[in-house]
Amino acid sequence: QLQLVESGGGLVQPGGSLRLSCAASGGTLRFYAVGWFRQVPGKEREGVASITMMSDGSTYYTDSVKGRFTISRDNAKDTAYLQMNNLKPEDSANYYCAAAEYFAPLENTWNARDEYDLWGQGTQVTVSS
């Protein structure tokens, strides 16, 4: 059974950067689309970004992070990444990596939580001065 483990979260000042990693174990990530979601207490988990199965595949972002966040993946390492630049306090959340086997995300489906059947445990990102 494939398992996902996130890392790279932490405390950063506004305007700073973090890179989150999502490492797969127990199998290969290459047949899975990967998404990053985030959640703050009392709110629904929201989609942040998604990438198709190919390392150079299509990517999708929620509007609030476009131009600041970049999702990528290295299938040789069975790892996906979320590079977060120019972080803002409203980016503070618990960030989750998710994977969907043989899922081809599209503009209107990439952030559908029900499409993703594997989830990591989350990593906390706090943006504060």
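Me: In what order do the elements of the protein chain run from the N terminus on?

Reply: They go β-β-β-β-β-β-β-β-β-β-β. The protein chain has 0 helices and 11 strands, where helices (H or I, at least four residues) and strands (E, at least two) are DSSP runs, numbered from the N terminus. Mind that this is a predicted model: local features need pLDDT of at least 70, side-chain atom pairs count only at pLDDT 80 or more, and totals for chains, interfaces and linings use all residues. Residues are numbered from 1 along each chain as its sequence is written, and side-chain values use heavy atoms, with hydrogens and water left out.

Me: What makes the protein chain as compact as a globular protein of that length?

Reply: Its radius of gyration is 13 Å, close to the 14 Å that the globule rule gives for 129 residues, so the label fits. That radius is taken over C-alpha atoms, and the rule is 2.2 Å times the number of residues to the power 0.38. As for the box, the C-alpha atoms fill roughly 40 × 30 × 30 Å along the principal axes.

Me: How much of the protein chain is buried?

Reply: Buried residues make up 47% of the 129. The cut-offs: buried is under 20% relative accessible area, exposed is over 50%, and partly exposed is in between (1.4 Å probe, protein chains only).

Me: What share of the contacts joins residues at least 24 apart?

Reply: It's 60%, counted among contacts between residues at least 6 apart in sequence. A contact here means heavy atoms within 4.5 Å.

Me: What is called a nonpolar core here, and which residues have the most contacts inside the largest one?

Reply: The term covers a set of buried Ala, Val, Leu, Ile, Met, Phe, Trp, Tyr and Cys residues joined through side-chain atoms within 4.5 Å. The largest such set has 29 residues, with Leu4, Trp36, Leu82, Met84 and Tyr95 having the most contacts inside. Among the strands that give two or more residues to this core are E3 (18–25), E8 (79–84), E9 (93–101) and E11 (123–127). There's also a second, separate core of 6 residues, including Phe37, Ala100, Phe103 and Tyr116. As a general point, nonpolar side chains tend to be buried together in soluble globular proteins.

Me: Why does Val125 count as buried?

Reply: Val125 has 0% relative accessibility, so it counts as buried. Val125 is found in strand E11. Leaving out residues up to four places away in sequence, Val125 touches Gly9, Gly10, Leu18, Leu20, Met84, Asp91, Ser92, Ala93 and Tyr95. Take Tyr95: it sits 30 residues from Val125 along the chain, with 7.0 Å between the C-alpha atoms. With that same kind of neighbour left out, Met84 touches Val125 and Tyr95 too, along with Gly16, Ser17, Leu18, Leu20, Arg68 and Phe69.

Me: How do you know whether Tyr116 is buried or exposed?

Reply: Tyr116 has a relative accessible area of 4%, so it is buried. Tyr116 is found in the loop between E9 and strand E10 (118–119). Beyond its neighbours within four places, Tyr116 is in contact with residues including Ala33, Phe37, Ala100, Phe103 and Trp110. Cys97 is 19 residues from Tyr116 in sequence, and the C-alpha distance is 9.6 Å.

Me: And Ala24, buried or exposed?

Reply: Ala24 comes out at 15%, so it is buried. Ala24 is found in strand E3, and apart from residues up to four places away, Ala24 touches Leu2, Gln3, Leu4, Leu29 and Asp78.

Me: What stands out about the phi of Asp78?

Reply: Asp78 has a positive phi of about 50 degrees although it is not a glycine. Asp78 lies in the loop between E7 and E8. With a relative accessible area of 16%, Asp78 is buried.

Me: Why does Asn86 count as partly exposed?

Reply: Asn86 has 42% relative accessibility, so partly exposed is the right class. Asn86 lies in the loop between E8 and E9 and has a positive phi of about 50 degrees although it is not a glycine. Setting aside neighbours within four places, Asn86 is in contact with Gly15, Gly16, Ser17, Arg68 and Asp91. The C-alpha atoms of Asn86 and Leu18 are 9.2 Å apart, across 68 residues of sequence.
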